[in-house]
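Subject: A structure to look through

Dear colleague,

I am handing over a structure that I would like you to look through at your own pace. Please open it first and keep it in view while you read the notes that follow.

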Amino acid sequence: MMLSPDQAEADLSWTQSDPETMLNGLKSAGCTSDEPGEGEERAKCKSDQPLSREEKRRRRRATAKYRSAHATRERIRVEAFNVAFAELRKLLPTLPPDKKLSKIEILRLAICYISYLNHVLDV
């Protein structure tokens with residue numbers, strides 16, 4: 001199977017089980033390289049079509065630097081989230097005072113406590 005630049009992706013038959021035929025087609029389209037690639041220096045297509053926004057995003061997200069930065073942001077977010085719940089927990093009256101509450105219990109207790117304070121102010 002030979003790939004041509006003007007052939008639509010929908011017309012391509014990827015059900016062929018002959019990898020050599022597919023590899024030859026990719027080489028003729030200029031989409032492979034004989035030297036082994038490493039990391040981001042993989043072989044790229046030599047076609048004139050620019051990468052789609054989705055493909056650019058996918059490649060950027062595949063880098064180790066991006067994944068590391070994302071993991072760091074997520075850790076900071078989770079820590080801030082837990083600190084906020086700990087602060088809210090300190091403001092809520094419970095018996096016993098050192099009772100460990102889940103996040104959903106903290107939210108429910110906060111709703112009840114706000115409702116109670118509202119009632120006290122209305123009286």
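From the N terminus on, the elements of the protein chain run α-α-α-α, which agrees with a secondary structure of four helices and zero strands. Please keep in mind that this is a predicted model, and that the mean pLDDT of the protein chain is 76, with 61% of its residues reaching 70 or more. Over residues 1-17 the pLDDT is below 50, and this stretch has 18 contacts in the model beyond near neighbours in sequence. Where pLDDT is low, the predicted coordinates should not be read in detail.

As for the chain as a whole, 11% of its 123 residues count as buried. Among the contacts in the protein chain with a separation of 6 or more, residues 24 or more positions apart account for 9%.

Which residues make up the largest nonpolar core? The answer is a set of five residues, namely F85, L92, L101, I106 and A110. If you select F85 and leave aside its neighbours within four places in sequence, you will find F85 in contact with K103, I106 and L107, and I106 is itself a member of that core.

The next topic is the charged side chains. Side chains of opposite charge can pair when their charged atoms come close. How many salt bridges does the structure hold? There are six salt bridges in the structure, and I describe some of them here.

In helix α2, which covers residues 53-61, R58 and E55 lie three residues apart, about one turn of the helix, and their side chains meet in a salt bridge with a distance of 2.9 Å from N to O. The side chain of E55 also meets that of R59 in a salt bridge, here at 3.2 Å from N to O; R59 and E55 are four residues apart in helix α2, so about one helical turn separates them. These three residues belong to a network of salt bridges that links E54, E55, R57, R58 and R59. With relative accessible areas of 47% for R58, 23% for E55 and 35% for R59, each of the three counts as partly exposed.

Helix α3, residues 64-91, holds another pair, E74 and R77, which are three residues apart and therefore separated by about one helical turn. E74 forms a salt bridge with R77, and the closest N and O atoms are 2.8 Å apart. Both residues are partly exposed, because the relative accessibility is 32% for E74 and 46% for R77, and partly exposed covers the range between under 20% for buried and over 50% for exposed.

Finally, please look at R89, which also has its place in helix α3. Is R89 buried or exposed? R89 is buried, yet it has no salt bridge, and the nearest side chain of opposite charge, that of D98, is 6.7 Å away. A salt bridge requires the nitrogen and the carboxyl oxygen to be within 4 Å, so the 6.7 Å between R89 and D98 does not qualify. What the side chain of R89 does reach is the backbone oxygen of P97, at 2.7 Å. Leaving aside neighbours within four places in sequence, R89 is in contact with T94, P96, P97, D98, K99, L101 and I106, and of these L101 and I106 are also members of the largest nonpolar core.

With kind regards

Notes. Residues are numbered from 1 along each chain as its sequence is written. This is a predicted model: local features need pLDDT of at least 70, side-chain atom pairs count only at pLDDT 80 or more; totals for chains, interfaces and linings use all residues. Side-chain values use heavy atoms; hydrogens and water are left out. Helices (H or I, at least four residues) and strands (E, at least two) are DSSP runs, numbered from the N terminus. Buried means under 20% relative accessible area, exposed over 50%, partly exposed in between (1.4 Å probe, protein chains only). pLDDT is the predictor's confidence in each residue, from 0 to 100. Contact means heavy atoms within 4.5 Å. A nonpolar core is a set of buried Ala, Val, Leu, Ile, Met, Phe, Trp, Tyr and Cys residues joined through side-chain atoms within 4.5 Å. Lys and Arg count as positive and Asp and Glu as negative; His and the chain ends are not counted. A polar contact is a pair of N or O atoms within 3.5 Å; within protein, one must be able to donate a hydrogen and the other to accept it, and residues adjacent in sequence count only if both atoms are side-chain atoms.
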